[in-house]
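Subject: The structure we talked about, with notes

Dear colleague,

I am passing on the structure below, together with some notes that I hope are useful while you look at it. Please keep it open beside this message as you read.

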Amino acid sequence: MCLAIFQPPGKKVPLLHLQRASIWNPHGMGFSYAHNGQLHVVKGLFHLTKFLVELKKVPESAPVMIHFRAASHGLVTQENCHTFWIDKSHTVIHNGMVPGMGSVTQSDTREF
């Protein structure tokens, strides 16, 4: 099952937790954050080093939604990695399965 983590403004998820998350959820990483009234999405990362480089770019004052994927539906691809845009003002990450959605090629959350 995937791992969803919230990193509040001014806090950092401990490196050991991120390392363990990438081992137990090896099918892609991503995150989204809000800054200056805009949402930003970084997704489709498959190496912890690259993930950490991108996460360090996030302003300290920004809340962050972090996702480590363990594929239940869909291929292990950048497109199936979280975070997903719902519309211009909302993003979503999900832990678990969305009943009735997903296929061999597309993740259930992506279809949702």
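The notes below start with confidence and then turn to one helix and its surroundings.

Please keep in mind that this is a predicted model, in which local features need a pLDDT of at least 70 and side-chain atom pairs count only at pLDDT 80 or more, while totals for chains, interfaces and linings use all residues. Residues are numbered from 1 along each chain as its sequence is written, and side-chain values use heavy atoms, with hydrogens and water left out.

The pLDDT, which is the predictor's confidence in each residue on a scale from 0 to 100, averages 88 over the chain, and 90% of the residues score at least 70. Helices (H or I, at least four residues) and strands (E, at least two) are DSSP runs, numbered from the N terminus. Among these elements, helix H2 (residues 48-56) has the highest mean pLDDT, at 97, whereas helix H3 (residues 108-111) has the lowest, at 65. Where pLDDT is low, the predicted coordinates should not be read in detail.

Helix H2 is a good place to begin. Its buried residues (buried means under 20% relative accessible area, exposed over 50%, and partly exposed in between, with a 1.4 Å probe and protein chains only) are Leu-48, Phe-51, Glu-54 and Leu-55. Seen down the axis of H2, these buried residues fall within an arc of 125°, so they line one face of the helix; the arc is that of the directions from the helix axis to the C-beta atoms. On the other side of H2, Thr-49 and Lys-56 are exposed. The cover over the buried residues of H2 includes strand S1 (3-7), helix H1 (15-24), strand S2 (29-35), strand S3 (38-45) and strand S4 (64-68).

What does Phe-51 touch, if residues up to four places away in sequence are not counted? With contact meaning heavy atoms within 4.5 Å, Phe-51 touches Leu-18, Met-29, Gly-30, Phe-31, Leu-45, Ile-66 and Phe-68. Phe-51 counts as buried, at 0% relative accessibility, and its C-alpha is 9.0 Å from that of Phe-31, although the two are 20 residues apart in sequence. Leu-55, leaving aside its neighbours within four places in sequence, is in contact with Gln-7, Leu-18, Phe-31, Val-64 and Ile-66.

Phe-51 and Leu-55 are also among the residues with the most contacts inside the largest nonpolar core, which has 17 residues. Such a core is a set of buried Ala, Val, Leu, Ile, Met, Phe, Trp, Tyr and Cys residues joined through side-chain atoms within 4.5 Å. The elements that give two or more residues to this core are H1, S2, S3, H2 and S4.

Finally, the structure holds 2 salt bridges, each being a side-chain nitrogen of Lys or Arg within 4 Å of a carboxyl oxygen of Asp or Glu. Glu-54 meets Lys-50 in a salt bridge (3.0 Å, N to O), and these two residues lie in H2, 4 residues apart, about one turn of the helix. Glu-54 also meets Lys-57 in a salt bridge (3.1 Å, N to O), and Lys-50, Glu-54 and Lys-57 are thus linked in a network. Glu-54 is buried, with a relative accessible area of 14%, whereas Lys-50 is partly exposed at 43% and Lys-57 is exposed at 55%.

With best wishes
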